[in-house]
Every structure is written in structure tokens, then in C-alpha cells.
Amino acid sequence: KVPCIVYATEKQMMPRILGWILSASVAGGIICTISRKGMAAGILAFCLYYFLKGKFKKIVALGFVVVTLTLFLSGYAVISGRFSRDTFDKQFAGKWAMTYAGLQMYKESPLIGLGYKGYYDNFGKYFPWSSKGKYDAHNIYITALTNYGLIGFIPFLCIFLYPLSAARKTLKAGNSNISDSTPKDLAVVCISSIIPFMISGWFAGGLFYTPVVIILFYANISLFLSSKNT
């Protein structure tokens with residue numbers, strides 16, 4: 001949603017003050033969740049958008065805001081605890097264990113996978129000591145590879161790679177070959193939506209099971225792809 005809000009604000013599709021309020025609300029919501037991947041994805045989305053638009057001064061301004069907020073919030077134990085070395089090490093070990101288990105599950109059926117929610121249903125076999133008998137991989141790539149095998153994993157990746165490739169070609173074409181700037185602008189929205197989503201997907205397997213997230217994600221891609229055909 002971040003790239004769309006910034007784009008709509010720049011194009012004056014809504015009052016500028018409303019755009020700022022929405023951007024601040026999204027940023028505040030991310031901070032309140034104390035989600036590290038959410039914070040990283042949000043910052044990356046803003047930076048990618050301004051970088052691709054060539055607005056480097058805004059990246060510097062964003063960096064200043066981030067550093068200021070980091071220094072201001074670092075004194076709160078609930079936030080500093082989320083970014084401590086011990087927390088990182090513990091959660092990294094857990095993530096790696098679940099990733100490794102997924103790769104072992106994939107070996108059982110490498111071509112067609114274990115079926116819908118294959119990882120979820122087989123979790124207990126690889127983690128018999130866990131208090132949970134069924135649990136997600138918290139990684140959309142490991143989940144897709146385990147559930148759908150290589151045959152399903154390749155088209156799954158195309159959800160990201162095809163629009164990224166198309167958007168890159170649109171930006172590379174430049175304004176000389178595109179009379180309307182809309183496809184190029186929406187290509188920026190597309191790229192700055194997909195890359196943060198892909199990175200978040202490595203740590204959040206539930207993204208594809210959250211309708212409000214996936215609808216917005218597909219909408220950003222669809223807006224760009226439809227602009228190429230108009």
C-alpha cells in the first residue's frame with residue numbers, strides 16, 4: 001500500500017494532506033506492531049520508490065527520520081528487546097530449523113510436493129517435541145516448494161518475476177518510447193511493491209493467506225500490467 005499512497009499523493013489523486021496522514025498512519029501502524037520485517041519492508045518500499053523516481057533528497061530525509069525515531073524509541077525495553085542479539089540468534093535458529101525441515105519434506109516428493117498445506121500437516125513429524133502438532137513454515141518459498149513441488153514452485157515464482165521483468169523493461173525503455181508516463185510510474189509502484197513483499201515472504205509464510213494483503217499486492221501488479229495494454 002505504501003507505493004500506491006505515495007503515487008496517488010504525487011499525482012494529486014487525493015489531497016496532499018490526506019496522503020501525508022495516510023503515510024504517517026501506515027508508518028505508525030508498522031511501528032506499533034514492533035515487527036522488524038514490517039519496518040524493514042516499509043522503509044525499503046519508500047526507498048525503492050524514491051530511488052526509481054530519482055528523488056534522492058527524499059531518501060536522505062527518510063533516513064534522517066528513521067535514525068531519529070530509532071534513537072527515540074531505543075529506550076523502550078519492549079522495542080529494544082525485539083532487536084537484541086539474543087532474540088536475533090534464537091529466532092534465526094528457529095527459522096533455519098523450519099527451513100531445513102521444509103527441504104527434507106521437499107525431498108519426499110520433489111516434483112508434485114505434498115499437497116495443500118503439506119508442510120503444515122507434516123510439521124509434527126519433524127518437530128515431535130514441539131507443543132504444536134501443526135505449524136506453518138513462516139516462509140512462502142519453503143511452503144510453496146513443500147506443498148506444490150518443483151512443478152508448482154516455478155509458476156509460483158513467476159507471480160513475482162514476470163511483472164518485475166516487465167516493469168524493468170518499461171523503465172529501461174525511457175520516456176522517449178512512452179508518450180504517457182503512467183506505465184512508467186506504475187512500473188515504479190510495481191517494483192517497489194514486489195521486492196519488499198518477496199523479502200517479507202521469506203520470514204512470513206502467512207502473507208498468501210491474508211486476503212487484505214494479497215488483494216492489495218495483486219492490485220498493484222494489475223494496475224501496471226493493465227497500463228501496458230492501454
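Here are two worked exercises on helix packing and nonpolar cores in this predicted model.

**Exercise 1: α1 against α9**

Work out how helix α1 and helix α9 are oriented relative to each other, and which residues they use to meet.

*Solution.*
- Start with the axes: α1 spans residues 2-10 and α9 spans residues 182-201, and the two pack at about 150 degrees with axes 8 Å apart.
- Now classify that angle. Anything over 145 degrees counts as roughly antiparallel, so that's the label for α1 and α9.
- For handedness, look at how α1 passes α9: the crossing is right-handed.
- Next, pick out the residues. α1 brings Pro3, Cys4 and Tyr7, while α9 answers with Thr182, Asp185, Leu186, Val189, Ser192 and Ser193.
- Sort this contact by class and you get five nonpolar, three polar and one charged residues.

**Exercise 2: into the cores**

Find the residues with the most contacts inside the largest nonpolar core, and say which element gives this core its largest share.

*Solution.*
- The largest core holds 39 residues, and Phe160 and Ile194 have the most contacts inside it.
- Trace where the core comes from: α1, α3 (36-52), α8 (140-173), α9 and α10 (211-228) each give two or more residues.
- The largest share goes to α8, with eleven residues.
- Zoom in on Phe160. Skip its neighbours within four places in sequence, and its contacts are Ile140, Tyr141, Ile194, Phe197, Met198, Phe208 and Phe217.
- Finally, don't miss the other core lying apart from this one: it has eight residues, including Met98, Phe123, Phe127 and Ala137.

How values were computed: Residues numbered from 1 in each chain as written. Predicted model: local features only at pLDDT ≥ 70, side-chain atom pairs only at ≥ 80, totals over all residues. Heavy atoms only, no water. Axes fitted to C-alpha atoms, helices over the stretch in contact; angles between N-to-C directions. Helix = DSSP H or I, 4+ residues; strand = E, 2+ residues; numbered from the N terminus. Parallel < 35°, antiparallel > 145°, perpendicular 65-115°, else oblique. Left-handed = near helix turned anticlockwise from the far one by under 90°. Contact = heavy atoms within 4.5 Å. Nonpolar A, V, L, I, M, F, W, Y, C, P; charged D, E, K, R; others polar. Core = buried A, V, L, I, M, F, W, Y, C linked by side-chain atoms within 4.5 Å. Buried < 20%, exposed > 50% of the residue type's maximum accessible area, 1.4 Å probe, protein only.
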